[in-house]
Amino acid sequence: MASNRSLTAAIRPYFEAGPLGALALGMASGTPYAMIAATLTTRLAESGIEKKSVTAFGLALLVYSFKPLWAPLIDRVRIPVLAALIGQRRAWLVVSIILASAAITWLGLLDPTADLALFAAAAVAVGFAGATLDIVIDAIRIEWLRVDQMGAGSGMTQYGWRMGSYLAGAGALLLAAQGSWALAYASAVLLFAPSLIAAALLGEPQRPPAPQSGKGLAAAIRDSIIAPLADFLTRKGAWIVLAFVLVHKIGDTVCQLSVRLFYNDLGFTKEEVAFYDVSLGLFGYLGGVFLGGLIYKRIGLAASVFLSLILMGVSNAAYAGLALIGHDVWALAAVQGFENLASGIGGVTVGAWLALLCDRRFTATQFALLSSAAAILGRAFSSGTAGALIEALGYVDFYWLTTALALPGVLIFLWLWRAGLVVADDTVETATGV
């Protein structure tokens, strides 16, 4: 009976309004990313574009890393008329979804072999619109969640992100197999609908008022940009935390941005990738998200983050094994299943920690800083050199390199943990002063 009550208590938060809203928002967040990550790589490889050019399209994803540059606008600026009708956060949600829908549809209508430069511009437009949507979504879902819901909310966000990226990615591959990339991209915009429904039902999130130091441009810059950054960077240990955030996903990001190119070179068909990677891999990820929530409750945030970092590093090494095995659908399923399990656990634990580090007066700006910093080095490295490294090293040694790149993040986090600079539980009292 006690175990049943414990399991019920662990599951209950996933069915509360805030985490369910985070699920819907996560679906919207995963859609633009999928259209310029795995799906775009498959499309370019199929068109005969050389590897260096394919991996260079990772620059479209690099746009996500510059979110802090315009996140303060979303924290401060009210969209005329619309904000008065539905609130500042929800007005930005509507506008960013319109932008993302237009950019995705445009990308789907273009032919990369006809004008690669224009195609690249459209990919960057999707990246910018998707990054803007992410800023809004992260702010809303963190502000919807109570502190005790942060673990479940982080898990549901990851569930939603994976569902959105799965439906967009697998759907695009299957529709493209019938000969219509344009229809595949246009259909993806339907995945934005659940976030709009959730926003209508849950309402405008409540948050503390941001500081107002005066009028004029100088005061606006100070309140919008300097105040959020100063609040975070003047905390004890903040620079070490930021260093961890910068390096902990390098190996995983470099690894994942080349995976679909890897599958294409191993001879996997679009249907095999859609089923064994995307479809079966989804169950591994969903299981990892749920397991991550249980681990979070059982061993605490710091220990669960450390465990997830180890698992994500090991998952990179599994791709080196697949490169040795070659075209084998069961090996593909096993490797991708383990990768998704590890990613699900890490998404919950690391995501919850980053959310707890944010002051709700500056949610959009601070979370944009942390989330973009988490991928900027990996995306820059992969976009600039991954294709050349694959050609020079081969896939086996390349994936061993991505495994080695995961080690600095593990070591820095271990130091932070031992120094007492990691959130220990679901409270917001930390050694970093949050």
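An angle under 35 degrees between two helix axes counts as roughly parallel. I open with that cut-off, as one helix pair in this predicted model depends on it.

The pair consists of helix H2, residues 17-36, and helix H8, residues 88-109, whose axes come within 11 Å and cross at roughly 25 degrees. With the cut-off at 35 degrees, H2 and H8 are therefore roughly parallel to each other. The handedness of this crossing is left-handed. On the H2 side, the residues that make the contact are Leu25, Thr31, Pro32, Met35 and Ile36, and on the H8 side they are Leu93, Ala100, Ile104 and Leu107. Sorted by class, this contact comprises 8 nonpolar residues and 1 polar residue, with no charged residues.

Allow me to place this pair in the context of the whole chain. The secondary structure comes to 21 helices and 0 strands. The chain has 434 residues, and 57% of them count as buried. Turning to contacts between residues at least 6 apart in sequence, 83% join residues at least 24 apart.

I turn next to a charged side chain. Where does arginine 141 lie? Arginine 141 belongs to helix H9, which covers residues 116-144. Is arginine 141 buried or exposed? Its relative accessibility is 5%, so arginine 141 counts as buried, the cut-off for that class being under 20%. Leaving aside residues up to four places away in sequence, arginine 141 touches Ala22, Leu25, Ser154, Thr157 and Phe367. Of these, Leu25 also appeared in the contact of H2 with H8.

Next, the cysteines. A disulfide is a covalent bond between the sulfur atoms of two cysteines. How many disulfides does a search of the whole structure find? The search returns 0 disulfides. Two cysteines may be mentioned here for their burial. Cysteine 255 has a relative accessible area of 0% and is therefore buried. Cysteine 358 is buried as well, at 9%.

My last point concerns the backbone. Most residues other than glycine have a negative phi. Valine 81 is not a glycine, yet its phi is positive, at about 70 degrees. Which part of the chain holds valine 81? Valine 81 sits in the loop between helix H6, residues 71-76, and helix H7, residues 82-86. Its relative accessible area is 63%, so valine 81 is exposed, the cut-off for exposed being over 50%.

To close, I return to the two residues discussed singly: arginine 141 is buried, whereas valine 81 is exposed.

Technical notes
Residues numbered from 1 in each chain as written. Predicted model: local features only at pLDDT ≥ 70, side-chain atom pairs only at ≥ 80, totals over all residues. Heavy atoms only, no water. Disulfide = S-S within 2.5 Å. Buried < 20%, exposed > 50% of the residue type's maximum accessible area, 1.4 Å probe, protein only. Axes fitted to C-alpha atoms, helices over the stretch in contact; angles between N-to-C directions. Helix = DSSP H or I, 4+ residues; strand = E, 2+ residues; numbered from the N terminus. Parallel < 35°, antiparallel > 145°, perpendicular 65-115°, else oblique. Left-handed = near helix turned anticlockwise from the far one by under 90°. Contact = heavy atoms within 4.5 Å. Nonpolar A, V, L, I, M, F, W, Y, C, P; charged D, E, K, R; others polar.
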